[in-house]
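Me: I should like to go through the aromatic contacts, the pocket and the strands of this model, asking in each case what justifies the term used.

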Amino acid sequence: MVWRFRNEGNRASFVAHPDIYGPQFGGYDPIDLARGVTYAGNPRFWLISEQRLYLFGREESRDAFAADPKRFLPDAGARWPAIEKTLAR
């Protein structure tokens, strides 16, 4: 993945805290992760919720998440560690 920054200060903040500034769940769509499916997020469909960046595969997913993030985050968060392990292979 290529990251571009407006200035060196922004880059330094990202390098110091990639878990905060980088997309959550490795850039995978949290709606699909909540269902146990991996679907790569598209940078055109993004949302910041509670100071975290999320990418979505479809505009409809972003809109559903925006309406009620707490509906999807518990399941996505619970499934992510196991899914992440399978992606690292």
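Reply: Rings of Phe, Tyr and Trp (its six-membered ring) pair if their centres lie within 6.5 Å; planes under 30 degrees apart count as stacked, over 60 as edge-to-face and the rest as tilted. By that criterion, a search of the whole structure yields eight aromatic pairs. The model is predicted: local features need pLDDT of at least 70, side-chain atom pairs count only at pLDDT 80 or more, and totals for chains, interfaces and linings use all residues. Residues are numbered from 1 along each chain as its sequence is written, and side-chain values use heavy atoms, with hydrogens and water left out.

Me: Why is the pair of phenylalanine 25 and tyrosine 54 called tilted?

Reply: The centres of phenylalanine 25 and tyrosine 54 are 6.1 Å apart and the planes make an angle of 40°. Such an angle is neither under 30 nor over 60 degrees, so the term is tilted.

Me: What makes this a link between distant parts of the chain?

Reply: Phenylalanine 25 lies in the loop between α2 (18-21) and α3 (30-34), and tyrosine 54 in strand β2 (residues 52-56), 29 residues apart. Helices (H or I, at least four residues) and strands (E, at least two) are DSSP runs, numbered from the N terminus. Both phenylalanine 25 and tyrosine 54 are buried, that is, under 20% relative accessible area, where exposed is over 50% and partly exposed is in between (1.4 Å probe, protein chains only).

Me: Why are phenylalanine 65 and phenylalanine 72 described as stacked?

Reply: Their planes stand at 25° with the ring centres 6.4 Å apart, so the pair is stacked. Phenylalanine 65 and phenylalanine 72 are both buried. Both pairs belong to one aromatic cluster, formed by Phe25, Tyr28, Tyr54, Phe56, Phe65, Phe72 and Trp80.

Me: How do you know that the charged end of arginine 58 sits over the ring of tyrosine 39?

Reply: The term requires NZ of Lys or CZ of Arg within 6 Å of the ring centre and within 35 degrees of the ring normal. The charged end of arginine 58 is 4.6 Å from the centre of the tyrosine 39 ring.

Me: What makes β2 largely enclosed by the rest of the structure?

Reply: Four of the five residues of β2 are buried, so the strand is largely enclosed.

Me: How do you know that β1 and β2 pair?

Reply: Two strands pair if DSSP finds at least two bridges between them. Five bridges join strand β1 (residues 42-49) to β2, and the strands run antiparallel. Leucine 47 stands opposite tyrosine 54 in β2.
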